Every structure is written in C-alpha cells, then in structure tokens.
Amino acid sequence: MNTTYHTIYVSKSFMDWRKRHIQVRRNIIMLVLSSIFVISAPILFLTFSTQANDVEHQPSYKYYKSIELSEGDTLWSVANEYIDYNYYKNTSEYIEEVMKMNALTSDKIFAGRHLIIPYYSTELIASEPIIN
C-alpha cells in the first residue's frame with residue numbers, strides 16, 4: 001500500500017510541477033509577445049504617420065518675380081495676393097522681406113514702379129543656362 005500511495009503522490013506532484021511549468025512558459029511567452037507589441041506598435045505608428053505626411057507634403061520651391069504696381073496698390077495688398085502662410089508667420093513678416101529685397105525704407109510704393117516679390121510653388125521651374 002505504501003508503494004501505491006507513493007506512486008499516486010509522485011504522479012500528483014509531477015502533475016503539479018507540469019502545470020506550473022506550462023503556466024510559467026505561457027507567462028514568459030506572453031511577456032515576450034507583450035514586449036514586442038509595446039516596442040513595435042509606436043514604431044509602426046510613426047512609420048505610417050510619416051508616410052502619410054510624405055504623401056501630403058510636396059516639395060516647394062521659392063521663386064522671385066517682378067511685378068508692376070498699379071494705382072491703389074499697397075504693400076499689404078501685394079502681400080495678401082502673394083503670401084503663402086505655410087512659409088510666413090504673418091503678413092508683416094512677408095512685407096519685411098519684400099521691403100529688404102527692394103531696399104525700401106518706408107511702406108510707400110507708387111504705381112508704375114516694379115517690385116521683386118517672393119513666392120512659392122510646387123512646380124520646379126528649370127532656369128535656362130546663361131551663354132556668354
């Protein structure tokens with residue numbers, strides 16, 4: 001009878017050890033998978049976010065052109081027509097740049113004169129080579 005009890009006890013003990021062993025393995029696997037998810041989720045999110053931004057963002061090029069001023073034009077009206085708020089904080093910043101480019105010391109401008117103004121475009125305009 002002693003042998004039977006010992007066999008049953010060993011079997012029960014072995015079964016308990018086996019269950020614990022299986023549970024520990026499950027816990028380790030869940031820990032590894034959770035860690036992988038926690039690390040990879042932000043990376044995937046940032047990757048898709050960056051790709052989405054790249055699709056929306058097209059390269060812009062800064063160009064300059066000369067315009068002839070008409071009667072009634074002001075620096076503010078010219079700025080409102082040509083400003084791109086993606087590149088300037090406000091209209092005053094754009095006007096400051098126009099004034100510096102044209103060496104203006106005041107905001108007085110006159111019809112018939114020309115102003116060089118900056119503008120942005122997504123279209124790349126190739127310049128023609130200068131041949132001497």
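Among the contacts in the protein chain whose partners are separated by 6 or more positions, 65% join residues 24 or more positions apart. The model is a predicted one, and its protein chain averages a pLDDT of 84, with 81% of the residues scoring at least 70. That confidence is lowest in H1, where the mean is 75, and highest in H3, where it reaches 95.

The secondary structure of the chain consists of 3 helices and 2 strands, and when these are read along the sequence they follow the pattern α-β-α-α-β. Of the 132 residues in the chain, 16% are buried, while the chain exposes about 11,300 Å², of which carbon and sulfur atoms supply 59%.

Helix H2, which covers residues 75–82, shows how burial can be arranged within one element. Which residues of H2 are buried? They are Leu75, Val78, Ala79 and Tyr82, and, seen down the axis of H2, these buried residues fall within an arc of 100°, so they line one face of the helix. The spacing fits a general rule: an α-helix has 3.6 residues a turn, so residues three or four places apart point the same way. On the other side of H2, Asn80 and Glu81 are exposed. The cover over the buried residues of H2 includes strand E1 (61–68), helix H3 (91–101) and strand E2 (114–121).

Helix H1 carries a surface feature of another kind at Val32, a residue placed in that helix. Together with Val24, Ile28, Ile29, Met30, Leu33 and Ile36, Val32 forms a nonpolar patch on the surface, and these residues have about 660 Å² of accessible area together.

The loop between helix H1 (2–56) and E1 holds Pro59. If residues up to four places away in sequence are left out, Pro59 touches Ser121 and Thr122. The C-alpha atoms of Pro59 and Tyr120 are separated by 9.9 Å, although the two residues are 61 residues apart along the chain.

Val32 and Pro59 can be set side by side in a small table.

| Residue | Place | Relative accessibility |
|---|---|---|
| Val32 | helix H1 | 43% |
| Pro59 | loop between H1 and E1 | 49% |

Are these residues buried, partly exposed or exposed? Because a residue counts as partly exposed when its relative accessible area lies between the 20% limit for buried and the 50% limit for exposed, Val32 at 43% is partly exposed, and Pro59 at 49% is partly exposed as well.

How values were computed
Residues numbered from 1 in each chain as written. Predicted model: local features only at pLDDT ≥ 70, side-chain atom pairs only at ≥ 80, totals over all residues. Heavy atoms only, no water. Buried < 20%, exposed > 50% of the residue type's maximum accessible area, 1.4 Å probe, protein only. Helix = DSSP H or I, 4+ residues; strand = E, 2+ residues; numbered from the N terminus. Arc of directions from axis to C-beta. Contact = heavy atoms within 4.5 Å. Patch = residues over 30% accessible without salt bridge, like charges linked within 9 Å, V, L, I, M, F, W, Y side chains within 5 Å. Areas by Shrake-Rupley, 256 points an atom, 1.4 Å probe, with all protein chains shown as cover. Salt bridge = Lys/Arg side-chain N within 4 Å of Asp/Glu carboxyl O. pLDDT = per-residue confidence, 0-100.
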